[in-house]
Amino acid sequence: MRPLLGARNWTTGELHLLTVELAESLVEIHRIAASRGARLRTASPEDRPT
């Protein structure tokens, strides 16, 4: 991915859009991780995957 990003010149608009999309993705990742963590805390030890 880094060679792809570094191989061209980015406009400020493109960088802004990339930043917005990355921030939205991080919000979704955090939501999913929190949801999974909550389920793990409520599951009994024998229900947890090994």
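Here are some questions and answers on this predicted model, looking at its helices, salt bridges and surface.

Q: What makes the contact between R8 and E14 a salt bridge?
A: The closest N and O atoms of R8 and E14 are 2.8 Å apart. The cut-off is within 4 Å, between a side-chain nitrogen of Lys or Arg and a carboxyl oxygen of Asp or Glu, so the R8 and E14 pair qualifies.

Q: Why is R8 called partly exposed?
A: R8 has a relative accessible area of 39%. Buried would need under 20% and exposed over 50%, so R8 lands in between. Its partner E14 comes out at 27%, and therefore counts as partly exposed too.

Q: How do you know that R31 and E28 form a salt bridge?
A: Again, go by the distance: the closest N and O atoms are 2.9 Å apart. With the limit set at within 4 Å, R31 and E28 make the cut, so the name fits. The structure holds 2 salt bridges.

Q: Where do R31 and E28 lie?
A: Both sit in helix α2, which covers residues 12–42. They are 3 residues apart, about one turn of the helix.

Q: Are R31 and E28 buried, partly exposed or exposed, and what makes them so?
A: R31 has 48% relative accessibility and E28 has 39%. Exposed starts over 50% and buried means under 20%, so R31 and E28 are both partly exposed.

Q: What makes the nonpolar surface patch, and where is L15?
A: L5, W10 and L15 make a patch of about 240 Å². L15 is in helix α2. At 40% relative accessible area, L15 clears the over 30% needed for a patch, yet stays partly exposed because exposed means over 50%.

Q: How much of the protein chain is buried?
A: Buried residues make up 2% of its 50 residues. The chain has 2 helices and 0 strands, and its accessible surface comes to about 4,800 Å², with 63% belonging to carbon and sulfur atoms.

Key: Residues numbered from 1 in each chain as written. Predicted model: local features only at pLDDT ≥ 70, side-chain atom pairs only at ≥ 80, totals over all residues. Heavy atoms only, no water. Buried < 20%, exposed > 50% of the residue type's maximum accessible area, 1.4 Å probe, protein only. Helix = DSSP H or I, 4+ residues; strand = E, 2+ residues; numbered from the N terminus. Areas by Shrake-Rupley, 256 points an atom, 1.4 Å probe, with all protein chains shown as cover. Patch = residues over 30% accessible without salt bridge, like charges linked within 9 Å, V, L, I, M, F, W, Y side chains within 5 Å.
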